[in-house]
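User: Could you take a close look at the aromatic side chains in this one and at the strands that carry them? I'd like one connected walk-through rather than a list.

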Amino acid sequence: MGEQPIFTTRAHVFQIDPNTKKNWMPASKQAVTVSYFYDVTRNSYRIISVDGAKVIINSTITPNMTFTKTSQKFGQWADSRANTVFGLGFSSEQQLTKFAEKFQEVKEAAKIAKDKTQEKIETSSDHSQASSVNGTDDEKASHTGPANTHLKSENDKLKTALTQSAANVKKWEIELQTLRESNARLTTALQESAASVEQWKRQFSICRDENDRLRNKIDELEEQCSEINREKEKNTQLKRRIEELEAELREKETELKDLRKQSEIIPQLMSECEYVSEKLEAAERDNQNLEDKVRSLKTDIEESKYRQRHLKVELKSFLEVLDGKIDDLHDFRRGLSKLGTDN
């Protein structure tokens, strides 16, 4: 039946740098399929990954291998046959956990298969020795009895097992040759990867220099943009100033028009002003005459007041005299009345 896939996932594949034994080298440009395969014929397990037509992982699982989680999404294991360390980068911690659990399961299955194979080899060896001894005894016993029949059956089984073992040895030799060829291809691929890394380093250096040049160019352009922005700001200020001056100019033109209109009526105003001046002078003359008359009237009033006071004094004196005369008349009448009474 050959090999069958029993578990498949996707991950980024890395291999340890053979020179430094520290740095990781990418074996795939993107996430690729990584699968566990079970070989029914050889009762073995392998991890295989292919990127296009290139085999990047061909690792047979042995009981002494260990898969180690180095981060939440990265794990690694060492393959002494391939003389390298494989690393896998997953897109999630859950995928890493499933792969690690499967690795442990396959590792246990490989251990059980190895133990069974070892038991078969030991059993075959013991049965071979027993067959050799029992064969001598059977010759002495002339091949008689049911025990001889059972031993013959066991010998046939052992022969079949040995034949199968020889066939398995041939298959293992073929597999070993296949692994050697795979290792040779992997070595070539590693060399090509190393050459690619050097080329990438050169390209990276060129890109870094180009990036520095572009950054300097960007800085220069940004400086130029800043100067342009400053010039634009100055132009904006000048435009605002020009608009303000134009507005002031329009106001001045309006005022000039008003002044021109007013200048057209100035002669009329001057004529009216002369007429008003003449009227004012006439009014002032009339006012002066009136003031003279008022002063004359005030003088007459003062004189009138003075005569009235003088007349009041004279009237008062006259009344006093009149009162005296009246008193004398009354006295005279009383005297006449008294004389009449006496007579």
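Analyst:

**Aromatic pairs and the strands around them**

Searching the whole structure turns up 12 aromatic pairs. Take Trp24 and Phe74: their ring centres sit 5.3 Å apart and the planes meet at 70°, and since anything over 60 degrees counts as edge-to-face, that is what this pair is. Keep in mind that we're looking at a predicted model here.

This pair ties together distant parts of the chain, with Trp24 in strand 2 (residues 24-26) and Phe74 in strand 7 (residues 74-79), 50 residues apart. The two partners fall into separate burial classes. Trp24 has 30% relative accessibility, so it counts as partly exposed. Phe74 has 15%, and because the cut-off for buried is under 20%, Phe74 goes down as buried.

Strand 7 also holds one half of another pair. Trp77 is in strand 7, and its partner Phe99 is in helix 1 (residues 93-141), which makes this another link between distant parts of the chain, 22 residues apart. The ring centres of Trp77 and Phe99 are 6.3 Å apart with the planes at 35°, so this pair is tilted. As for burial, both Trp77 and Phe99 are buried. They also belong to a bigger group: Phe7, Tyr36, Phe67, Trp77, Phe86, Phe90, Phe99 and Phe103 form one aromatic cluster.

Now for the strand next door in the sheet. Strand 7 and strand 8 run antiparallel, joined by 6 bridges. Within that pairing, Gly75 stands opposite Leu88 in strand 8. The two strands make a hairpin with 4 residues between them, and there Asn83 takes a positive phi near 55°.

Strand 8 (residues 84-89) is mostly covered, with 5 of its 6 residues buried. It has another partner too: strand 1 (residues 3-16) runs antiparallel to strand 8, and 4 bridges join them. One contact to look for is His12, whose bridge partner in strand 8 is Gly89. When you look at any of these strands, remember that in a regular strand the side chains alternate between the two faces of the sheet.

Asn83 has company when it comes to backbone angles. Lys21 has a phi near 60°, again a positive value in a residue other than glycine. You'll find Lys21 in the loop between strand 1 and strand 2, and with 47% relative accessibility it counts as partly exposed. Then there's Asn43, which is not a glycine either but has a positive phi of about 55°. Asn43 sits in the loop between strand 3 (32-39) and strand 4 (44-51). At 28% relative accessibility, Asn43 is classed as partly exposed.

One last stop, well along the sequence, has a nonpolar patch on the surface. Leu315, Phe318, Leu319, Leu322 and Ile326 make up this patch, and together they have about 430 Å² of accessible area. Leu322 is located in helix 3 (residues 266-342). With 34% relative accessibility, Leu322 counts as partly exposed.

To pull the strand story together: strand 7 supplies Phe74 to the edge-to-face pair with Trp24 and Trp77 to the tilted pair with Phe99, while strand 8 is bridged to strand 7 and to strand 1.

Conventions:
Residues are numbered from 1 along each chain as its sequence is written. This is a predicted model: local features need pLDDT of at least 70, side-chain atom pairs count only at pLDDT 80 or more; totals for chains, interfaces and linings use all residues. Side-chain values use heavy atoms; hydrogens and water are left out. Rings of Phe, Tyr and Trp (its six-membered ring) pair if their centres lie within 6.5 Å; planes under 30 degrees apart count as stacked, over 60 as edge-to-face and the rest as tilted. Buried means under 20% relative accessible area, exposed over 50%, partly exposed in between (1.4 Å probe, protein chains only). Patches are made of residues with over 30% relative accessible area and no salt bridge: like charges are joined within 9 Å, nonpolar side chains (Val, Leu, Ile, Met, Phe, Trp, Tyr) within 5 Å. Accessible areas come from the Shrake-Rupley method with a 1.4 Å probe; for residues, only the protein chains shown count as cover. A salt bridge is a side-chain nitrogen of Lys or Arg within 4 Å of a carboxyl oxygen of Asp or Glu. Two strands pair if DSSP finds at least two bridges between them.
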